[in-house]
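I opened a fresh notebook page for a structure I had not met before. Here is what I looked up, in the order I looked.

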Amino acid sequence: MDRDAIKAVGYVRVSTDSQVRHGYSLDEQREEIVRYCNNQQYALLEIFSDEGVSGAKADEDEMTIARDGLLDMLVYVKERGVRYIVVLSTSRLWRSDMVRVLIHRELKKCNVDVKAIDRPQYSIYTQNPNEVLVNGMLELLDVYERLEIALKLKRGRLQKAKEGGYAGGGVPYGYNCPRGYKRLLVNQKEAQAVRKVFQLKKILPNITLERIAYYMNQSGYTGRNGKDFNPMLVKRILDREDFYRGKYRYGDIKSVGDYEPILGGMVLR
């Protein structure tokens with residue numbers, strides 16, 4: 001490595017499968033960053049990554065960001081005299097004004113700038129009014145596109161919920177939803193545990209969540225991924241009685257679920 005070469009690090013991130021399918025995979029981002037740094041004759045020291053992370057959570061009170069790869073990179077650039085962070089797009093670094101402000105603040109402390117491959121003139125230090133305007137408009141366009149996509153997805157989920165189909169979210173214990181499959185399937189092992197929980201509650205109405213969890217563990221039942229049963233899992237199961245009877249609810253939408261009910265005939269209330 002040329003000692004006089006400008007030092008740079010790369011940063012890559014994907015948060016959804018669709019980004020991978022449409023040319024935003026981690027490997028493709030890395031290749032673009034390596035090619036860019038070679039063309040610019042930058043000394044690329046490291047490429048940091050965050051995979052499967054949707055955006056970054058910013059704590060406004062503590063003024064911190066929760067994204068491991070990004071945080072590791074910020075520490076690294078302070079210690080290694082890095083001049084540039086190279087990204088395919090600034091949206092890989094931030095998607096909200098709050099996160100953008102926090103990252104700008106940290107980078108300016110150590111005189112580091114951002115090089116966005118899709119926007120060659122971008123700089124967090126720019127004072128040119130035209131560039132400020134263009135950069136601001138491009139970032140607003142990114143926000144608009146994300147909101148438009150989110151609105152379309154929400155409409156689709158609501159329509160699916162009206163038809164009783166699984167509209168997303170955490171898959172309830174007792175069911176599976178394989179990748180690429182749009183209908184909940186009964187997990188027979190977990191379904192047996194669900195029925196046992198409701199049987200215990202029917203026989204012993206005053207039994208505590210802790211006692212049910214203890215009995216389930218002693219009887220060889222397990223939670224998701226083989227974990228122990230715990231009181232919170234028991235509570236979630238009991239709270240979803242209507243769901244297990246085939247009554248699907250998504251927000252304010254109620255419908256007959258398009259899935260096989262686990263419970264039937266046993267009424268607790």
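The entries below go from the whole chain to a group of helices, and then to a few single residues.

**Entry 1: getting my bearings**

I noted at the start that this is a predicted model. I then looked up the secondary structure and found nine helices and ten strands. The protein has 269 residues, and 38% of them count as buried. I also checked how far apart in sequence the contacting residues lie. Among contacts between residues at least 6 apart, 60% join residues at least 24 apart.

**Entry 2: helix α7 on its own**

I picked helix α7, which covers residues 209–218. Which residues of α7 are buried? I found Ile212, Ala213 and Met216. They span an arc of only 100 degrees around the axis, so they sit on the same side of α7. I jotted down a general reminder here: an α-helix has 3.6 residues a turn, so residues three or four places apart point the same way. On the other side of α7, I found Glu210, Arg211 and Gln218 exposed.

Next I asked myself what the buried residues of α7 pack against. My note says α6, residues 188–203, and α8. I followed the chain a little further and stopped at Gly220, just after α7, which takes a positive phi of about 90 degrees.

**Entry 3: α7 against α8**

Before going on, I reminded myself that two packed helices are described by the angle between their axes and the distance between the axes. Helix α8 runs over residues 231–239, and its axis comes within 8 Å of that of α7. The two axes cross at roughly 105 degrees. An angle of 65 to 115 degrees counts as roughly perpendicular, and α7 and α8 are therefore roughly perpendicular to each other.

I listed who makes the contact. From α7 come Leu209, Glu210, Ile212 and Ala213, and from α8 come Pro231, Val234, Lys235 and Leu238. Sorted by class, this contact has six nonpolar residues, two charged ones and no polar ones.

**Entry 4: α6 against α8**

At what angle do the axes of α6 and α8 cross? I read off roughly 85 degrees, with the axes coming within 10 Å. That makes α6 roughly perpendicular to α8. On the α6 side, the contact is made by Val194, Val197, Phe198 and Lys201, and on the α8 side by Val234, Ile237 and Leu238. By class, I counted six nonpolar, no polar and one charged. I underlined Val234 and Leu238, as they are listed in the contact of α8 with α7 and in that with α6.

**Entry 5: two asparagines with positive phi**

I then looked at backbone angles. Asn111 is not a glycine, yet it has a positive phi of about 55 degrees. I found it in the loop between α4 (97–109) and β6 (113–116). At 47% relative accessibility, Asn111 counts as partly exposed.

Asn225 was my next stop, with a positive phi near 60 degrees. This residue took me back to the helices, as Asn225 is in the loop between α7 and α8. Is Asn225 buried or exposed? I noted 74% relative accessibility, so Asn225 counts as exposed.

**Entry 6: cysteines**

Last, I asked how many disulfides the structure holds. I wrote down zero. I looked up two cysteines as well. Cys37 has 1% relative accessibility and so counts as buried, whereas Cys110, at 22%, counts as partly exposed.

Terms used:
Residues numbered from 1 in each chain as written. Predicted model: local features only at pLDDT ≥ 70, side-chain atom pairs only at ≥ 80, totals over all residues. Heavy atoms only, no water. Axes fitted to C-alpha atoms, helices over the stretch in contact; angles between N-to-C directions. Helix = DSSP H or I, 4+ residues; strand = E, 2+ residues; numbered from the N terminus. Parallel < 35°, antiparallel > 145°, perpendicular 65-115°, else oblique. Contact = heavy atoms within 4.5 Å. Nonpolar A, V, L, I, M, F, W, Y, C, P; charged D, E, K, R; others polar. Disulfide = S-S within 2.5 Å. Buried < 20%, exposed > 50% of the residue type's maximum accessible area, 1.4 Å probe, protein only. Arc of directions from axis to C-beta.
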